[in-house]
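Here's a quick briefing on one pocket and a handful of aromatic contacts. Take a look at the model first, then read on.

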Amino acid sequence: MEFRAVKGMKDILPDEVGRFALIEAAFRRAVELHGFSEARTPLLEPTELFARSTGETSEIVEKQMFSLLKESESLTLRPEGTPGIVRAFLNNSVHAKEPITRWYYVGAMFRAENTQRGRQRQFHQAGCEVFGDAGPVVDAEMIDMLVGFLGQIGIEDVEVRINSVGGVATRQKYREALLGHLTPKKDKLSEHAQKRLLDNPLRILDSKNPLDREAVKDAPSILDVLEPDDRAHWDGVRAALEALGTKYIIDSSLVRGLDYYTRTVFELVSNQGGLGSQNTVLGGGRYDGMVQALGGPNLPAIGFAAGMERLLLASPLQATAREQRCFIAPLGQAALHESLVVARELRAAGIGTDLDGRGASMKSMLRRADSLGARVCLVIGDSEVQSKQVQIKDLASHTQEMCARSEVLSAVSKVLASTPKPSEAKS
Ligand code: HAM
C-alpha cells in the first residue's frame with residue numbers, strides 16, 4: 001500500500017520552499033518597516049473560539065473545520081489566524097501594556113474546502129492585525145502597504161476592492177432593507193441563499209450562484225444607509241487612500257465570508273499566474289467587536305491575511321539561478337581525501353560547499369554542479385594533490401584558472417564576490 005498526502009494537502013519540496021522563503025522574506029521586510037512584530041500561536045485552538053469569532057453562520061464554521069475530540073475537549077486546527085491572535089492578545093493582557101499593538105504571523109491554516117488551483121485544505125497565510133487604532137487612517141495605510149508589498153514581489157496588476165459593512169446599527173438597518181428587497185424574490189433564490197435569508201442575508205450579496213446574482217442585481221447598497229459615524233469613517237478611509245494616491249474600486253457587494261467584520265472590508269485581486277476564480281490574493285477588514293466578544297475590553301481592530309500559495313502562483317519571483325555555493329569535483333582517491341579537507345575549510349569560512357564523493361565522471365559531476373546552481377566548481381585530481389594546486393571554475397562566467405592549494409579560500413571568495421558579466425552569465 002502506498003501512502004498519499006491527505007486530500008488538499010501538499011508536500012512542499014525544496015525548490016518551492018526556496019520561492020516560499022523569498023516571498024515570506026519580502027513580506028516580513030514590508031510589514032516590519034510598518035512596525036509589525038511577529039507572534040506565533042498554536043495550530044490547535046478550542047473549537048468554541050472559532051464559533052464565537054469567525055461566526056456560526058460562516059461557511060468555515062458550518063462545514064470546513066478539521067475538529068477532533070481529546071479528553072472530551074473539542075479542538076480545531078485553525079482555519080484562519082485572527083481568532084488565535086486575539087485570544088493570545090487577551091490571555092497575555094497586551095492591551096494593558098501598550099495602547100496600540102501591531103502583530104503579524106505566517107503559518108499553516110486548515111479548511112476542508114473543495115480543492116482547486118489556489119484553494120487547498122492545508123494552506124499558508126501571512127497576515128497582520130492592529131489592535132487599539134480606530135482608524136480610518138490605519139485602514140488606508142494597511143491597504144497601501146499591501147499594494148506596495150505585492151509590487152515588490154512582482155504582482156503589478158492588483159485591483160483593490162473596498163466596501164464598508166458599517167457597525168451594528170447600520171447593519172441592522174441594511175438587513176431590513178435587503179430583506180425587503182429579497183423576500184418577494186425568495187422562490188427565485190438558490191436553496192443556500194434561502195437559508196441565508198434567515199440567518200445572514202448579507203452573505204447573499206457575494207453568492208456566485210447565477211440565480212442569487214440576478215436577485216441582488218438591483219438590491220439597495222449598504223453605502224446608502226451608513227449611520228453618520230460609519231459614514232465619517234468610510235469618507236476618512238477614502239480621503240486617506242486618495243492622499244496616498246492608492247487606486248481602489250468601491251464594491252458595495254463585498255461582504256467577506258467571515259462574520260466578524262465591521263466598517264472597512266477589502267480584498268486585493270490579481271489575475272497574474274492564472275488564478276482564475278481564486279484570484280483574491282488577500283483579504284481583510286476591520287473587526288471592532290471581536291476583542292470584546294471574546295471577553296476583552298471594547299477595543300477596535302483591523303487586519304488582513306494573504307494566501308501564500310496564491311502569492312506564489314501570481315508572483316514571477318524566482319530564486320536566483322546561481323547560489324553563492326562551491327562544488328568540489330574530486331578525481332581519484334587521494335583527491336577525494338584532500339577534497340574532504342578543502343570542503344571543511346570552506347564551510348568553516350561560511351561558504352556553502354557540496355562535495356561529490358560518488359567517484360563519478362567529470363562530465364556528470366559538472367552536470368550536478370550546474371543543477372545545484374553552484375557558482376564555483378573546484379576540480380581536484382590526484383596530480384593536483386601532488387602539485388599542491390586546485391583548478392577553480394567560475395560557472396557563471398565560464399572561466400577557469402589554477403591556484404595554489406594554500407590560496408584556495410581567498411580564490412573562491414574572490415569569485416563569489418565578483419559579478420559575472422551579463423553577456424557571460426548563464427541564466
Ligand atoms: P480569508 O479571506 O478567509 O480571511 O483568507 C485570506 C486569504 O487566505 C484569502 O484571500 C486567500 O488568499 C487565502 N485563502 C483562504 N482560504 C484558502 C484556501 N483554502 N487555500 C488557499 N488559500 C486560501 C481570513 O482568513 C481573515 N483571517 C483575514 C483577516 C485578518 N481579517 C482580519 N484580520
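Keep in mind that this is a predicted model. Let's start with the second largest pocket: helix 2 (47–55), helix 6 (168–182), helix 9 (228–244), strand 9 (262–269) and helix 10 (290–293) each give at least two residues to its lining. After that come the ring pairs.

**The second largest pocket**

- The space in this pocket comes to about 610 Å³.
- Its lining is made up of 30 residues, and those nearest the centre are Val168, Arg171, Asp259, Tyr261 and Thr262.
- Helix 6 chips in the largest share of the lining, with five residues.
- Sorted by type, the lining has 12 charged, 11 nonpolar and seven polar residues.

**Aromatic pairs**

- The count of aromatic pairs is eight.
- One of them is phenylalanine 27 with tyrosine 104, an edge-to-face pair at 5.9 Å centre to centre, with 75° between the planes.
- Phenylalanine 27 sits in helix 1 (residues 14–33) and tyrosine 104 in strand 5 (residues 101–110), so this pair ties together parts 77 residues apart in sequence.
- Phenylalanine 27 is buried, at 1% relative accessible area, and tyrosine 104 counts as buried at 1% too.
- Phenylalanine 131 and tyrosine 287 also pair edge-to-face, at 6.5 Å centre to centre and 85° between the planes.
- That pair links strand 6 (residues 122–131), home of phenylalanine 131, to the loop between strand 10 (280–286) and helix 10, where tyrosine 287 sits, 156 residues apart.
- Both phenylalanine 131 and tyrosine 287 are buried.

**The ring cluster**

- Phe89, Trp103, Phe131, Tyr260, Tyr261 and Tyr287 are joined into a cluster by ring pairs.
- Tyr261 turns up twice here: it belongs to that cluster, and it is among the lining residues nearest the pocket centre.

Conventions: Residues numbered from 1 in each chain as written. Predicted model: local features only at pLDDT ≥ 70, side-chain atom pairs only at ≥ 80, totals over all residues. Heavy atoms only, no water. 1 Å grid on protein atoms, 1.4 Å probe; cavity = no way out; pocket = protein on both sides within 12 Å on 5 of 7 lines; lining within 4 Å. Points joined across faces, edges and corners; volume = space filled by probe spheres on them. Helix = DSSP H or I, 4+ residues; strand = E, 2+ residues; numbered from the N terminus. Nonpolar A, V, L, I, M, F, W, Y, C, P; charged D, E, K, R; others polar. Phe/Tyr/Trp six-rings, centres within 6.5 Å; stacked < 30°, edge-to-face > 60°. Buried < 20%, exposed > 50% of the residue type's maximum accessible area, 1.4 Å probe, protein only.
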